[in-house]
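Here is a short report for a reader meeting this structure for the first time. Look over the sequence and the fold before reading on.

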Amino acid sequence: MLIRAATADDLEFLTAMLLEAYNWDGTATFTIEGLRADEHAAPYLAGWPRVDDFGVIAEVDGVPAGAAWARLIPGGYGFVADDVPELSLGVSPDFRRRGIARALLTELLEAARAASYERLSLSVDPANPAAGLYRSLGFGKVGVAGTSDTMVVEL
C-alpha cells in the first residue's frame, strides 16, 4: 500500500470517498449529485484544495483505495472551533477490512501535527464501525449532533 498526499487531481476520488462516508452502512441514501447539491455536504470538498486543506490517498497496486482529508469547515457536522479542522474518511468497499482506514488516519494525524494543528474533529454515527477506529486512535466524544457523535483528538 502506498499513501500519498491528496492533490487537486484527486477531487473526483475524494468526492467518491465522501459518498462512501455518507453511505457508510451500504444504503445508497446519497448520490454524487445529491452530495454536490447539499448545502451541508458541499463544504467538505468545494474548492478543493484550499490553502489550509490537507489529505492523503491510499493506493493498492496503483488503484486508489481510500482517502482521508481535513479542512476548516465552519458549521460542519463535526465543528468544534474555528481553528479545528474536521476530517473526512472513506474507503472503497473492495478495500475495506485491510487496515487502510487506520493507515490513512495515522498519516492524516501526522500531517495535522506538521501543520501545527492542536486538534482534529469529526462526526460519526455511533453505529458506524469507524467509531471504534476513531476511539482507538485517541478520539473522544465531545458532543452529539442529531444522530451522530462529535469526536475530537488532541494532537
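The report starts with the overall fold, then turns to two helices and the salt bridges.

## Overall fold

This is a predicted model. The protein has four helices and seven strands. Read from start to end of the sequence, the order is β-α-α-β-β-β-α-β-α-β-β.

The C-alpha trace spans about 35 × 35 × 30 Å along its principal axes. A compact globule of 155 residues would have a radius of gyration near 15 Å, and the protein agrees, with 14 Å. Of the 155 residues, 45% count as buried. The protein exposes about 7800 Å², and carbon and sulfur atoms supply 51% of that area.

Contacts also reach across the sequence. Take those between residues at least 6 apart: 62% of them join residues at least 24 apart.

## Helix α1

Helix α1 covers residues 11-22. Its twelve residues should span 16 Å at 1.5 Å a residue, and the end C-alpha atoms are indeed 16 Å apart.

Which residues of α1 are buried? They are Phe-13, Leu-14, Thr-15, Met-17, Leu-18, Leu-19 and Tyr-22. The cover over these buried residues includes helix α2 (32-37) and the strands β2 (54-60), β3 (63-71) and β4.

## Helix α3

Helix α3 runs over residues 100-114, 15 residues in total. From first C-alpha to last it reaches 21 Å, close to the 21 Å expected at 1.5 Å a residue.

The buried residues in α3 are Ile-100, Ala-101, Ala-103, Leu-104, Leu-105, Leu-108, Leu-109 and Ala-112. An α-helix has 3.6 residues a turn, so residues three or four places apart point the same way. Ser-116 follows α3, and its phi is positive, near 70°.

## Salt bridges

Side chains of opposite charge can pair when their charged atoms come close. How many salt bridges does a search of the whole structure find? It finds seven.

One of them joins Arg-96 and Glu-20, with N to O at 2.8 Å. Arg-96 sits in the loop between β4 (86-91) and α3, and Glu-20 belongs to α1, so this pair ties together parts that are 76 residues apart in sequence. Arg-96 has 35% relative accessibility and counts as partly exposed.

## Pairs with a buried acid

Asp-53 forms a salt bridge with Arg-50, and their closest N and O atoms are 3.8 Å apart. Is Asp-53 buried or exposed? Asp-53 counts as buried, because its relative accessibility is 11% and the cut-off for buried is under 20%. Arg-50, at 36%, counts as partly exposed.

Asp-149 and Lys-141 also meet through their side chains, at 3.5 Å from N to O. Asp-149 is buried, at 12% relative accessibility. Lys-141 is exposed, with a relative accessible area of 54%.

## A linked group

Salt bridges can also join into a network here: Arg-4, Asp-10 and Glu-59 are linked in this way. Glu-59 falls within β2 (54-60), the strand that is among the cover for the buried residues of α1.

Methods:
Residues numbered from 1 in each chain as written. Predicted model: local features only at pLDDT ≥ 70, side-chain atom pairs only at ≥ 80, totals over all residues. Heavy atoms only, no water. Helix = DSSP H or I, 4+ residues; strand = E, 2+ residues; numbered from the N terminus. Expected span 1.5 Å × (residues − 1). Buried < 20%, exposed > 50% of the residue type's maximum accessible area, 1.4 Å probe, protein only. Salt bridge = Lys/Arg side-chain N within 4 Å of Asp/Glu carboxyl O. Contact = heavy atoms within 4.5 Å. Rg over C-alpha atoms; globule rule 2.2 N^0.38 Å. Areas by Shrake-Rupley, 256 points an atom, 1.4 Å probe, with all protein chains shown as cover.
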